[in-house]
Every structure is written in structure tokens, then in C-alpha cells.
Amino acid sequence: MESNVIPDSVRPQRLQPGIGFGSGPTGTLRSSLRPGVTVPIAPLLSSPASLSASSGPPPPPPPLQLHSLYGGAGAGLGPGLGLGPGASGHCNPRNPAVLKEAVEAVVRSFAKHTQGYGRVNVVEALQEFWQMKLTRGADLRNGALVVYEMVPSNSPPYVCYVSLPGGSCFGSFQFCPTKAEARRSAAKIALMNSVFNEHPSRRITDDFIEKSVSEALASFNGNREEADNPNTGIGAFRFMLESNKGKSMLEFQELMTVFQLLHWNGSLKAMRERQCSRQEVLAHYSHRALDDDMRTQMAADWVNREQSVAGTITQEVASTERELEDARLAGRELRFYKEKKDILMLAVGQLSAANAATLPSH
């Protein structure tokens with residue numbers, strides 16, 4: 001095992017995600033661990049010459065396949081992650097009526113055990129649920145506030161998204177003729193997933209890890225030695241699960257969103273090409289929250305792609321909006337798609353700022 005330890009003097013340049021600008025052999029540990037694949041935003045606002053002087057932007061990343069997060073062992077951990085009746089695991093029905101029935105059943109059950117029989121205010125119930133978790137000692141770093149976001153529209157159908165304290169996101173999954181109904185629809189699917197997530201079967205345990213690893217080995221014709229080697233795809237999968245033992249599926253999905261975005265942005269591919277070990281990447285980003293700095297760096301990469309091939313961002317936005325819509329109507333967890341869209345919109349803003357900065361002054 002000792003031979004696999006990477007000296008600190010070597011690790012920074014290997015973990016540096018950039019594959020274009022800023023990927024030289026020097027730099028501090030902080031700057032080398034940036035999630036962008038090209039360059040911090042500041043140089044983009046200087047002049048077009050700084051762009052053409054580089055070796056060129058990276059090509060757009062391939063379509064998202066989470067199992068390519070090092071070899072395929074995460075194939076079962078896509079955006080749905082099997083979170084429950086609203087996700088791709090237990091029940092992701094093609095028939096909207098089946099989904100609606102499942103949601104209503106969970107909401108009625110929750111109301112029965114917490115507020116007695118009668119009509120339940122799902123918006124209040126969802127907030128009370130997370131407030132209850134906080135008072136019982138749940139680790140909610142940003143408090144228990146549930147945040148709603150209406151999609152701007154002057155006519156139905158109205159769409160609403162709700163973000164839970166841990167970061168998970170759900171959206172209205174029905175045709176909603178009013179904004180209030182859209183808010184209730186989003187609250188219903190979020191409450192259902194929140195309640196279902198508390199079930200013991202949704203916890204990552206030793207038994208769950210062994211079963212998941214065995215299924216991965218069978219799916220990819222792997223052997224047991226691979227599962228014990230953190231430098232293989234299945235070994236990295238086991239490492240990720242064991243690092244999150246005791247957490248719920250919803251909590252694990254929140255973590256996986258970071259890696260999904262890194263893959264989508266091309267950052268994981270860049271680190272693999274520099275022979276950075278899977279375990280190093282997983283260990284580092286498992287403790288890295290998705291923040292504005294990470295979003296800004298990824299947006300800068302899409303600005304670079306757009307300046308190389310006009311229309312790249314427009315095409316990616318269209319694709320992302322289709323994915324978001326399909327996932328929303330299926331009642332799936334949406335944060336990955338929402339973050340993608342937000343990053344692309346941030347890139348549009350960066351591009352506008354860069355263009356404005358290069359306009360001649362009068």
C-alpha cells in the first residue's frame with residue numbers, strides 16, 4: 001500500500017482538473033484543485049487574444065453516463081438513484097396516474113400519523129418535516145428552510161421547483177392550472193421522497209454495500225480482487241459507498257450530484273488523463289460542497305467551448321431543458337439537471353460580460 005501514496009509535491013499538478021489553460025506543472029494546491037477544465041474567469045474578460053494563444057478549448061464532454069465515473073461501477077447510481085416511489089429505483093412509472101396515486105398515498109399516510117385524518121397542507125407539512133429533523137439532531141448545515149422556485153410564466157401550466165435543506169430538488173409533476181397548485185405538486189413529491197428516505201432500507205449499510213458491489217461485479221464481469229482495489233472502477237465504487245456508510249440514499253444522491261457535474265463538465269476525464277487515481281479524486285470531492293466557485297469554473301469552461309464553436313451553449317441548454325422536463329414529469333430528483341442549466345445560464349452571463357469588455361469605447 002505504501003507504494004501507492006502520492007507525494008504532496010506531485011499531487012497538485014495531477015489533481016488539477018484543467019486540460020487547457022492553467023494546466024502547467026506549477027501552482028499551489030488550492031489553485032490546482034479547481035473544478036474547471038480550462039481557466040478561471042478573469043482572463044476571459046481581458047481580450048480575445050488570450051483565448052487564441054492557448055492550445056484550444058477541450059471538446060464538449062460526452063453524454064452523461066455516470067458509470068463512466070471510473071469504469072462503470074456506478075451504473076446503478078444515475079440521477080434517480082432508486083430514492084423511492086418518485087425515483088428510478090422503486091417506482092418510476094410511465095403512467096402519470098400511477099405516480100400520482102403513489103404520491104397521494106404517502107401524503108395521506110404522513111398526515112394520518114402526524115396531523116390526524118383530514119386534508120393536509122403539504123407545503124406546511126414538508127416544512128414541518130424538515131424542522132422536525134433539525135430538532136432531532138439532523139446535520140443540516142444551512143438550517144431546515146425549504147425553498148420554492150416558480151418558473152416565470154403568464155399562463156398555465158405552471159411549474160414549481162422545491163429545494164430541500166440538503167440540496168435535493170424536486171418539481172411539480174402534474175399539469176398545474178395555478179401557481180398555488182404547482183407549489184403543492186412540488187411539495188407532494190418532495191414530501192413523499194423525504195418520508196420514504198427515512199426508511200431503514202434507504203440507509204447505506206454493510207449489507208447494502210456488499211449487495212451493491214456484488215451486483216456491480218456481476219454486471220461488469222469483474223472479480224473480487226477488483227472490488228478490493230481502490231484504483232479500479234468497482235473498487236472506487238466500494239470506496240464511495242463505505243465513505244458514506246450510515247447515510248441515506250437522498251444524502252448519497254446529493255454527493256453524487258457533484259461527481260455527475262464534474263463528469264458532465266469534462267473534469268473527471270481531465271484528471272484521469274493525468275493519471276490521478278480514482279481514490280484521490282473521490283476522497284477530495286467527497287468533502288467538497290457544490291458552491292459558487294465550482295459553478296463559476298464550470299461556466300468558464302462552457303464559455304471557452306462557445307468561443308471555439310458558436311452555438312455550443314444553446315445546444316446544451318436545449319438538451320438540458322429536455323432532460324429536466326422529462327425527469328420532472330417522472331417525479332425524479334432534479335438537482336443535477338437544475339445545476340446544469342444554472343451553470344449554462346451563468347456561462348451566458350460570463351460570455352456577455354466578456355463580449356461587453358471587448359467592445360470599443362466611444
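**Exercise 1.** In this predicted model, find what covers the buried residues of helix α15.

*Solution.* Start with the residues to be covered: Thr312, Ile313, Glu316, Val317, Thr320, Leu324, Ala327 and Arg328 are buried in α15. Viewed down the helix axis, these buried residues fall within an arc of 115 degrees, so they line one face of α15. Next, look for what lies against them. The cover includes two strands, β2 (160-163) and β3 (169-171), and the helices α11 (249-265), α14 (292-308) and α16 (335-357).

**Exercise 2.** Which exposed residues does α15 carry on the face turned away from its buried side?

*Solution.* Turn to the face opposite the buried side. Thr314, Gln315, Arg322 and Asp326 are the exposed residues there.

**Exercise 3.** Check the length of α15 against its residue count, then inspect what follows the helix.

*Solution.* The helix has 18 residues, 312-329. At 1.5 Å a residue it should span 26 Å, and its end C-alpha atoms are 26 Å apart, so the two values agree. After α15 comes Gly331, with a positive phi near 75 degrees.

**Exercise 4.** Describe how helix α6 (residues 122-135) packs against helix α7 (residues 179-196).

*Solution.* Begin with the axes: they come within 8 Å and cross at roughly 35 degrees. The crossing is left-handed. Then list the contacts. From α6, Val122, Val123, Ala125, Leu126, Phe129 and Trp130 take part; they meet Arg183, Arg184, Ala187, Lys188, Ala190, Leu191, Ser194 and Val195 of α7. Finally, sort the contact by class: 10 residues are nonpolar, one is polar and three are charged.

Terms used. Residues are numbered from 1 along each chain as its sequence is written. This is a predicted model: local features need pLDDT of at least 70, side-chain atom pairs count only at pLDDT 80 or more; totals for chains, interfaces and linings use all residues. Side-chain values use heavy atoms; hydrogens and water are left out. Helices (H or I, at least four residues) and strands (E, at least two) are DSSP runs, numbered from the N terminus. The expected span of a helix is 1.5 Å times one less than its number of residues. Buried means under 20% relative accessible area, exposed over 50%, partly exposed in between (1.4 Å probe, protein chains only). The arc is that of the directions from the helix axis to the C-beta atoms. Contact means heavy atoms within 4.5 Å. Axes are lines fitted to C-alpha atoms, for helices over the stretch in contact, and angles run from 0 to 180 degrees between N-to-C directions. A crossing is left-handed if the near helix is turned anticlockwise from the far one by less than a right angle, and right-handed if clockwise. Ala, Val, Leu, Ile, Met, Phe, Trp, Tyr, Cys and Pro count as nonpolar, Asp, Glu, Lys and Arg as charged, and the others, Gly among them, as polar.
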